[in-house]
Amino acid sequence: MGEPLPVSVVALDPVLEAGTESTLAVCPDLSVAAPGEQPRVVVMTVDRFARTELDMLRATRDTAARPAVVLVASELAPGEALHALAAGARALLRRREADPPRLARAVLAAARGDCTLPPDLLDRLLEQSAAPGRDASGTPAGWAAAGLSDRERSVLRMVADGHETSEIAQCLAYSQRTVTTVVHDITQRFRLRNRAHAVAYALRAGLL
């Protein structure tokens, strides 16, 4: 077993911060980063996700280390989830679901660059993206021109569910190299930063 992954906690409420640190303390693969230690992942715990919290998320991502961010919130509406993902969050969890095993899985996935969302929240995002009231195709012109193939859509759906590359490859009967190439092609084509960014904008554009 390797060294525990150093994780920092950010919260506007010191009680939430202390509670999150206590949860991390019982995860053997994780450790709370010591003062001056560079964390690879930051867990941001909030009651609600509004403008102040969005600014805090962006500020956390804009540091020199650019750590992955796991957002834990009391509740997240689909629009708030999209804003969080677009700002760089790589995992979204509700506080009531953030027990040590789930939080540890989300943090470790974020450290690998994977994106994790609660399944029901993903369903709501997909329903929203397919709702009427959009233009002819429901997608911005740039996305509509390129679109996603069935293979790309299948891979990106599993990325959004938090699956690892090996799991996606096994489920879809692709090689791991193919899965990696598909994700790389999507991020390069649309000039996206990472997997989480790809999921956020594909959902927003109605491509999933």
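Biologist: Which helix gives the most to the lining of the largest pocket?

Modeller: That is helix α4 (residues 100-112), with six residues. Please bear in mind that this is a predicted model, in which local features need pLDDT of at least 70 and side-chain atom pairs 80 or more, while totals for chains, interfaces and linings use all residues. Residues are numbered from 1 along each chain as its sequence is written, and side-chain values use heavy atoms, leaving out hydrogens and water.

Biologist: What makes α4 a helix?

Modeller: A helix is a DSSP run of H or I with at least four residues, a strand a run of E with at least two, both numbered from the N terminus. The run of α4 covers residues 100-112, so α4 counts as a helix. The protein chain has 10 helices and five strands.

Biologist: Why is a space called a pocket, and what makes a residue part of the lining?

Modeller: On a 1 Å grid over the protein atoms alone, a pocket is an open set of points where a 1.4 Å probe fits, with protein on both sides within 12 Å along at least five of seven lines; lining residues have an atom within 4 Å of a point. For the largest pocket 17 residues line the space, and Arg102, Arg105, Ala106, Thr116 and Asp161 lie nearest its centre. About 380 Å³ of space lies in this pocket.

Biologist: Which residues line the second largest pocket?

Modeller: Among them are Val15, Leu16, Gly19, Thr20 and Thr23, along with Arg95 and Leu103. Helix α1 (residues 14-25) supplies the largest share, five residues. The volume of this second largest pocket is about 150 Å³.

Biologist: Why are Glu53 and Leu54 of helix α2 called buried?

Modeller: Buried means under 20% relative accessible area, exposed over 50%, and partly exposed in between (1.4 Å probe, protein chains only). In α2 (residues 51-61), Glu53, Leu54, Met56, Leu57, Thr60 and Arg61 are buried, so each of them has under 20%. Buried residues make up 49% of the 208 residues in the protein chain.

Biologist: Why do the buried residues of α2 lie on the same side?

Modeller: They cover an arc of only 160 degrees around the axis, which puts them on the same side of α2. On the other side of α2, Arg51 and Thr52 are exposed.

Biologist: What covers the buried residues of α2?

Modeller: The cover includes strands β1 (5-11), β3 (41-46), β4 (68-73) and β5 (89-94), together with helix α3 (78-86).

How values were computed:
The arc is that of the directions from the helix axis to the C-beta atoms. Contact means heavy atoms within 4.5 Å. Grid points are joined across faces, edges and corners, and a volume is the space filled by probe spheres set on the points.
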